[in-house]
Amino acid sequence: YLLKEAQAQAPLQASSMYILPLMALQSARSAIDAYIDQTGRKVDPAWDEIDQQTTSIQERIAYIFGKTGHSPSFESDTWAEVLALFETAKLIKGDLTGMRQVHRDEIPEEFKDIAVEYPIYRSLAIAEQAIDLLLEQPAVSNSLDTNSA
């Protein structure tokens with residue numbers, strides 16, 4: 001949300017139309033990853049035994065859904081978007097905050113392409129949809145109901 005506001009406040013800054021969407025994509029990836037971790041802890045007390053660094057995002061999502069008796073579809077819904085977002089985020093290397101002051105011509109073409117494919121609103125929507133699906137998992141929603149009582 002902050003990056004969306006930042007882009008609205010500095011629309012003419014040479015690099016904001018490219019760098020801010022990349023930062024939003026990375027933020028969305030981090031948010032989804034954090035919610036997967038928290039959901040995993042809710043559905044399985046042994047979650048910490050899973051090596052988060054070597055276990056793919058797809059395997060972790062499938063594991064969570066398996067523990068709750070469901071099966072996620074990775075072909076055509078939110079999870080397909082999440083997998084694509086994670087793969088794209090891997091392509092972003094270097095310090096993006098330092099690139100905010102770089103002239104538009106100095107931004108790598110690959111970054112420009114990613115920014116066009118993943119504008120801020122798309123990364124935000126994917127993250128919100130994934131988080132909603134994770135929060136709907138029975139072990140998570142039950143603990144939320146208990147906490148709100």
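This passage describes the confidence of a predicted model, the packing of two of its helices and its largest pocket.

Residues are numbered from 1 along each chain as its sequence is written. In this predicted model, local features need pLDDT of at least 70, side-chain atom pairs count only at pLDDT 80 or more, and totals for chains, interfaces and linings use all residues, while side-chain values use heavy atoms, with hydrogens and water left out.

The mean pLDDT (the predictor's confidence in each residue, from 0 to 100) of the protein chain is 83, and 79% of its residues reach 70 or more. Among the elements of the chain, α4 has the highest mean pLDDT, 96, and helix α8 (residues 138-148) the lowest, 55. Helices are DSSP runs (H or I, at least four residues), numbered from the N terminus.

The axes of α2 and α3, which are lines fitted to C-alpha atoms over the stretch in contact, come within 10 Å and cross at roughly 35°. On the α2 side, Asp33, Ile36, Thr39, Gly40 and Val43 meet Ile57, Arg60, Ile61, Ile64 and Lys67 of α3, where contact means heavy atoms within 4.5 Å.

The largest pocket (on a 1 Å grid over the protein atoms alone, an open set of points where a 1.4 Å probe fits, with protein on both sides within 12 Å along at least five of seven lines) is lined by 15 residues. Lining residues have an atom within 4 Å of a point. Thr55, Ile57, Arg60, Phe86 and Lys90 lie nearest the centre of this pocket. The largest share of the lining, 5 residues, comes from α4.

Terms used: Helix = DSSP H or I, 4+ residues; strand = E, 2+ residues; numbered from the N terminus. Axes fitted to C-alpha atoms, helices over the stretch in contact; angles between N-to-C directions.
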